[in-house]
Amino acid sequence: MKIDSIKNGIVLDHITAGKSMKIYQNLGLDKVDCSVAIIKNVKSEKMGKKDIIKIDDQFEIDLDAIGYVDPDVTVCIIEDGKITKKYKVELPEKLVNIAKCKNPRCITSVEQELDQIFVLTDKENQVYRCRYCESKLKR
């Protein structure tokens with residue numbers, strides 16, 4: 001299988017195998033007007049298997065949306081066929097409008113215009129809680 005390199009765009013690398021579609025959805029890549037390649041189950045010496053997403057365009061990506069799904073992703077910015085920036089995504093301290101509170105008594109269930117905000121309360125176990133009602137976010 002051959003996936004061409006990109007001249008200008010973004011490569012999301014070191015995605016845990018099977019998590020690329022969730023990142024694709026969280027970033028809204030189905031709405032972009034450019035080529036997007038999702039490569040699943042690529043052999044990796046370090047990870048065994050991994051996924052990769054290649055986006056053939058430059059645009060602002062939500063690092064929190066990526067970090068929530070998989071905090072070990074590497075983001076590479078490609079310009080003129082070369083990597084110009086490379087950085088690791090981390091588990092975000094706060095999530096805004098990435099997930100919805102499932103508590104039917106939460107204020108966000110009634111007040112639809114309120115932002116859905118979750119705060120990281122246990123980094124080791126990756127536990128988030130709703131800012132308004134303290135409900136635990138199930139990942």
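These legends walk through a predicted model, from the whole chain to a few chosen residues.

Local features need a pLDDT of at least 70 and side-chain atom pairs count only at pLDDT 80 or more, while totals for chains, interfaces and linings use all residues. Residues are numbered from 1 along each chain as its sequence is written, and side-chain values use heavy atoms, with hydrogens and water left out.

**Figure 1. The whole chain, with 3 helices and 8 strands.** Helices (H or I, at least four residues) and strands (E, at least two) are DSSP runs, numbered from the N terminus. Follow the sequence and you will meet them in the pattern β-α-β-β-α-β-β-β-α-β-β. Along the principal axes, the C-alpha atoms fill a box of roughly 50 × 35 × 25 Å. Of the 139 residues, 39% count as buried; buried means under 20% relative accessible area, exposed over 50%, and partly exposed in between (1.4 Å probe, protein chains only). The chain exposes about 9000 Å², and carbon and sulfur atoms supply 45% of this area. Accessible areas come from the Shrake-Rupley method with a 1.4 Å probe, and for residues only the protein chains shown count as cover.

**Figure 2. An open sheet of 5 strands.** Can you trace the order β2-β3-β1-β4-β5, with its antiparallel pairing? Two strands pair if DSSP finds at least two bridges between them. The edge strands, β2 (36-44) and β5 (82-88), each pair on one side only. From one strand to the next, the twist averages 20 degrees. Strand β4 (residues 74-79) is joined to β5 by 6 bridges in the antiparallel sense, and here Cys 76 stands opposite Lys 86 in β5.

**Figure 3. Helix α1 and its residue Ser 20.** Helix α1 (residues 20-27) lies across β1 (9-16), β2 and β3 (48-55), and runs at about 155 degrees to β2. Axes are lines fitted to C-alpha atoms, for helices over the stretch in contact, and angles run from 0 to 180 degrees between N-to-C directions. Is Ser 20 buried or exposed? Ser 20 is buried, because its relative accessible area is 0%. Leaving aside neighbours within four places in sequence, Ser 20 is in contact (heavy atoms within 4.5 Å) with Ile 15, Ile 38, Lys 40, Asp 51 and Ile 53.

**Figure 4. Cysteines without a disulfide.** A disulfide is a covalent bond between the sulfur atoms of two cysteines; here the cut-off is a pair of cysteine sulfur atoms within 2.5 Å. Why does Cys 130 have no such bond? The closest cysteine sulfur, in Cys 106, is 3.7 Å from that of Cys 130, so it is too far for a bond. Cys 133 is in no disulfide either, and the nearest cysteine sulfur, that of Cys 101, is 3.6 Å away. Cys 130 counts as buried at 2% relative accessibility, whereas Cys 133 counts as partly exposed at 24%.

**Figure 5. Gln 116, in the loop between α3 (107-110) and β7 (117-122).** With a relative accessible area of 12%, Gln 116 is buried. A polar atom of the Gln 116 side chain lies 2.8 Å from the backbone nitrogen of Cys 101. The side chains of Gln 116 and Thr 108 are joined by a polar contact of 3.5 Å. A polar contact is a pair of N or O atoms within 3.5 Å; within protein, one must be able to donate a hydrogen and the other to accept it, and residues adjacent in sequence count only if both atoms are side-chain atoms. Not counting residues up to four places away in sequence, Gln 116 touches several residues, including Leu 95, Val 96, Asn 97 and Ala 99.
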